[in-house]
Amino acid sequence: MLLAIDCGNTNTVFSIWDGSQFVCTMRTSTHHSRTADAYFTWFSTLLKHYEIEPDITEVIISSTVPRVVFNLRVFTDRFFGCRPLVVGKPECELPHPPRVDEGTIVGPDRLVNAAGAYDRHGGNLIVVDFGTATTFDVVSKDGNYIGGVIAPGVNLSLEALHMAAAALPHVDIGKPQKVIGTNTVDCMQSGVYWGYIGLVREICDRIRAERDREMKVLATGGLAPLLQQSADLFDVYEEDLTMHGLTVIHAYNKKD
Ligand SMILES: Nc1ncnc2c1ncn2[C@@H]1O[C@H](COP(=O)(O)OP(=O)(O)OP(=O)(O)O)[C@@H](O)[C@H]1O
Ligand SMILES: CC(C)(CO)[C@@H](O)C(=O)NCCC(=O)O
Ligand SMILES: [K+]
């Protein structure tokens with residue numbers, strides 16, 4: 001079985017793929033100081049809880065935090081006796097190479113999203129991923145990542161207000177009932193929630209105009225459904241898009 005690891009700046013997700021479905025998904029916070037042994041303790045405890053005993057023989061990793069890859073490599077080697085495929089490393093080939101400025105190192109999560117999205121939906125796509133940052137990944141007709149947009153994430157935007165302004169509290173995102181807030185929390189939620197709806201709509205419109213064609217908009221990341229409640233921003237929401245992309249890239253590298 002394949003263990004797919006998607007390591008973001010905030011959270012790291014492990015999913016086990018049995019060749020036809022994900023049998024288990026586990027989430028932990030991202031810390032570069034977490035050791036291989038600590039990963040294994042957490043991982044095996046959860047497997048016991050779910051009463052599954054997977055036979056993991058292969059591992060693929062996408063990490064937006066370069067420093068965590070070292071311990072994940074040790075984890076893979078020590079407990080599964082294999083070398084992981086790491087997205088972005090030269091030995092990990094992509095089905096469709098990115099078309100970006102020379103010297104640009106595209107976030108592996110974005111390349112993985114593009115691969116997963118193209119596999120399921122074909123080309124001419126915009127993939128919006130609501131993680132620590134909100135990214136827009138543009139996929140060409142033929143499946144290449146051709147660039148995109150990076151905006152501050154929803155939670156990061158709220159946190160930035162709290163960090164920078166003495167009188168602004170920590171606030172979680174929620175759907176405000178109105179636009180005009182009559183207390184501090186409602187004002188902050190309104191700014192980020194409605195501001196985000198405008199941001200997503202404007203950016204997608206401008207990408208379509210720049211490409212001069214219709215493009216399907218895919219969303220992934222926990223916060224997309226909350227925004228979709230108030231505006232028809234996305235054609236499709238796929239929670240497992242990044243994980244699916246990892247299985248696609250893994251299969252592509254196995255094929256020869
Ligand atoms: N309805 C909701 N309201 C508030 N927060 C939510 C809701 N649904 C999901 N979230 C949170 O949204 C965040 C987005 O999760 P996601 O896995 O997409 O990105 P992340 O793990 O935060 O970022 P990264 O992948 O960059 O580490 C998570 O912290 C999740 O707990
Ligand atoms: C933008 C993030 C942080 C989103 O996870 C990640 O994809 C990243 O670190 N990217 C590097 C720069 C780029 O993608 O162009
Ligand atoms: K993510």
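A polar contact is a pair of N or O atoms within 3.5 Å. The structure described here is a predicted model, and such contacts tie two ligands to the protein in the account below.

**Ligand 1**

An oxygen atom of ligand 1 comes within 2.8 Å of a polar backbone atom of threonine 10. The backbone of asparagine 11 also takes part, with a polar atom 2.7 Å from an oxygen atom of ligand 1. Arginine 27 uses its side chain instead: one of its polar side-chain atoms is 2.9 Å from an oxygen atom of the ligand. On its own, ligand 1 would expose 620 Å², of which the protein buries 63%.

Around ligand 1 there are 13 residues, and the closest of them are Thr10, Asn11, Arg27, Phe130 and Thr132. By character, this shell consists of three nonpolar, nine polar and one charged residue. The place that ligand 1 occupies is the largest pocket.

**Ligand 2**

Ligand 2 also sits in the largest pocket. Its surroundings are formed by Asn9, Thr64, Ile105, Val106, Gly107, Asp109, Arg110, Thr135 and Ile150. Three of these residues are nonpolar, four are polar and two are charged.

Glycine 107 offers a polar backbone atom that is 2.8 Å from an oxygen atom of ligand 2. In aspartate 109 it is a side-chain N or O atom that lies 2.5 Å from an oxygen atom of ligand 2. Arginine 110 places a polar side-chain atom 3.0 Å from an oxygen atom of ligand 2. Taken alone, ligand 2 exposes 390 Å², and 72% of this area is buried by the protein.

The polar contacts of both ligands are set out below.

| Ligand | Residue | Part of residue | Distance to a ligand oxygen |
|---|---|---|---|
| Ligand 1 | Thr10 | backbone | 2.8 Å |
| Ligand 1 | Asn11 | backbone | 2.7 Å |
| Ligand 1 | Arg27 | side chain | 2.9 Å |
| Ligand 2 | Gly107 | backbone | 2.8 Å |
| Ligand 2 | Asp109 | side chain | 2.5 Å |
| Ligand 2 | Arg110 | side chain | 3.0 Å |

**Positions listed in UniProt**

An unreviewed UniProt entry gives the feature "binding site" for Asp6, Cys7, Gly8, Asn9, Thr10, Asn11, Thr12, Val13 and Thr132. These residues are spread over 127 residues of sequence, yet they cluster in space, with a largest C-alpha distance of 13.7 Å. From this set, Asp6, Cys7, Gly8, Asn9, Thr10, Asn11, Val13 and Thr132 belong to the lining of the largest pocket. Cysteine 7 is part of strand β1, which covers residues 2–7.

The unreviewed entry in UniProt also places "binding site" at Gly107, Pro108, Asp109, Arg110 and Thr184. This group spans 78 residues in sequence, and its farthest two C-alpha atoms are 37.4 Å apart, so the residues do not all gather at one spot. Gly107, Asp109 and Arg110 from this group are included in the lining of the largest pocket. Proline 108 lies in helix α3, made up of residues 108–121.

Methods: Residues are numbered from 1 along each chain as its sequence is written. Chains are lettered from A and ligands numbered from 1 in the order in which they are written. This is a predicted model: local features need pLDDT of at least 70, side-chain atom pairs count only at pLDDT 80 or more; totals for chains, interfaces and linings use all residues. Side-chain values use heavy atoms; hydrogens and water are left out. A residue is near a molecule or strand if one of its heavy atoms lies within 4 Å of it. A polar contact is a pair of N or O atoms within 3.5 Å; within protein, one must be able to donate a hydrogen and the other to accept it, and residues adjacent in sequence count only if both atoms are side-chain atoms. Accessible areas come from the Shrake-Rupley method with a 1.4 Å probe; for residues, only the protein chains shown count as cover. On a 1 Å grid over the protein atoms alone, a cavity is a set of points where a 1.4 Å probe fits but cannot get out, and a pocket is an open set with protein on both sides within 12 Å along at least five of seven lines; lining residues have an atom within 4 Å of a point. A molecule sits in a cavity or pocket if more than half of its atoms lie within 2 Å of its grid points. Ala, Val, Leu, Ile, Met, Phe, Trp, Tyr, Cys and Pro count as nonpolar, Asp, Glu, Lys and Arg as charged, and the others, Gly among them, as polar. UniProt positions are given in the numbering used here, feature names are shortened, and annotations may be inferred rather than shown by experiment. Helices (H or I, at least four residues) and strands (E, at least two) are DSSP runs, numbered from the N terminus.
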